[in-house]
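Visitor: Please take a close look at one part of this model, the sheet and what packs on it. I would also like to hear about the salt bridges and the cysteines.

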Amino acid sequence: MALVTFYVWTQRLGYFPRSKDRLEQALENAELTVMAKPKMPIKAPAEILKRIEKGAVLLILDNSASGAHSNDLLNLAGMSVEAADMADYAEISEIPLTPNAAAVIRGKAILRDQKQNVLCAEATIGKGRIIVFSDPALFYNQELGDVSTNLTEKTKLLSELEFQLLKQCLAE
């Protein structure tokens, strides 16, 4: 699975994504850093949090099915991602959730499912912010489709969700 369509669609908002090998590098000069389903626990989460405190914005796409490896960092921010009995749809727009959707614990809720579990939340950390979205598979090509594919009703809803989420991340 890939996030190609997610990244290409960010260009429609005037943002041009770049890939970095290390999270520390990505947080240095970026307006927004996106970390999707980390494959291992975050190294030196306290150092990452210090970079966020200085004004960085980090969007984390993670859930318990992919290991919830962001939890070491999220715990320092007073948040976590946990498995939960999730609804089939988001609270708004009838966005269908994947079977691996999880709940974001604590933080300021941005989006909930129909059972009122938090799908997306944020926490202000000093001058920066962490935003967590707990159904990352929605933004992978398997759900969004290929970049050249015509929009369906589902992919239109997902693209609108992506744009709302990115705008939320970049709002001051």
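Guide: The model is predicted. A starting point is Asp 85, which is exposed, with a relative accessible area of 58%. Its side chain meets that of Lys 115 in a salt bridge, at 3.0 Å from N to O. This pair links distant parts of the chain: Asp 85 lies in the loop between β3 (80–82) and β4 (103–105), Lys 115 in the loop between β5 and β6, and the two are 30 residues apart. Lys 115 is partly exposed, its relative accessible area being 45%.

The loop that holds Lys 115 leads to the sheet, since β5 and β6 flank that loop and both strands belong to the sheet. The sheet is open and has five strands in the order β1-β2-β7-β6-β5, with mixed pairing. At its edges stand β1 (33–36) and β5 (108–112); each has a single partner strand, so one side of each is left without a neighbour in the sheet. On average, neighbouring strands are turned by 15 degrees against each other, direction ignored.

At the β1 edge, four bridges join β1 to β2 (residues 57–61), and these two strands run parallel. Within this pairing, Val 34 stands opposite Leu 59 in β2.

Two helices pack on the sheet. Helix α3 (residues 45–53) touches β2, β6 (118–125) and β7 (128–133), and its direction makes about 115 degrees with that of β7. Helix α6 (residues 153–170) touches β2, β5, β6 and β7, with an angle of about 160 degrees between its direction and that of β7.

Helix α6 also carries a salt bridge, between the side chains of Lys 156 and Glu 160, at 3.7 Å from N to O. Because they are four residues apart in the helix, about one helical turn separates Lys 156 from Glu 160. Lys 156 is partly exposed at 40% relative accessible area, and Glu 160 is partly exposed at 34%. A further salt bridge joins the side chains of Arg 129 and Glu 122, at 2.7 Å from N to O; both of these residues are buried. The whole structure has seven salt bridges, these among them.

As for the cysteines, the count of disulfides is zero. Cys 120 is in none, and the nearest cysteine sulfur, that of Cys 169, is 6.9 Å away. A disulfide requires the two sulfur atoms to be within 2.5 Å, so the sulfur of Cys 169 is too far from that of Cys 120 for a bond. Cys 120 is buried, with a relative accessible area of 1%, and Cys 169 is buried with a value of 1%.

Key
Residues numbered from 1 in each chain as written. Predicted model: local features only at pLDDT ≥ 70, side-chain atom pairs only at ≥ 80, totals over all residues. Heavy atoms only, no water. Buried < 20%, exposed > 50% of the residue type's maximum accessible area, 1.4 Å probe, protein only. Pairing = 2+ DSSP bridges. Axes fitted to C-alpha atoms, helices over the stretch in contact; angles between N-to-C directions. Contact = heavy atoms within 4.5 Å. Salt bridge = Lys/Arg side-chain N within 4 Å of Asp/Glu carboxyl O.
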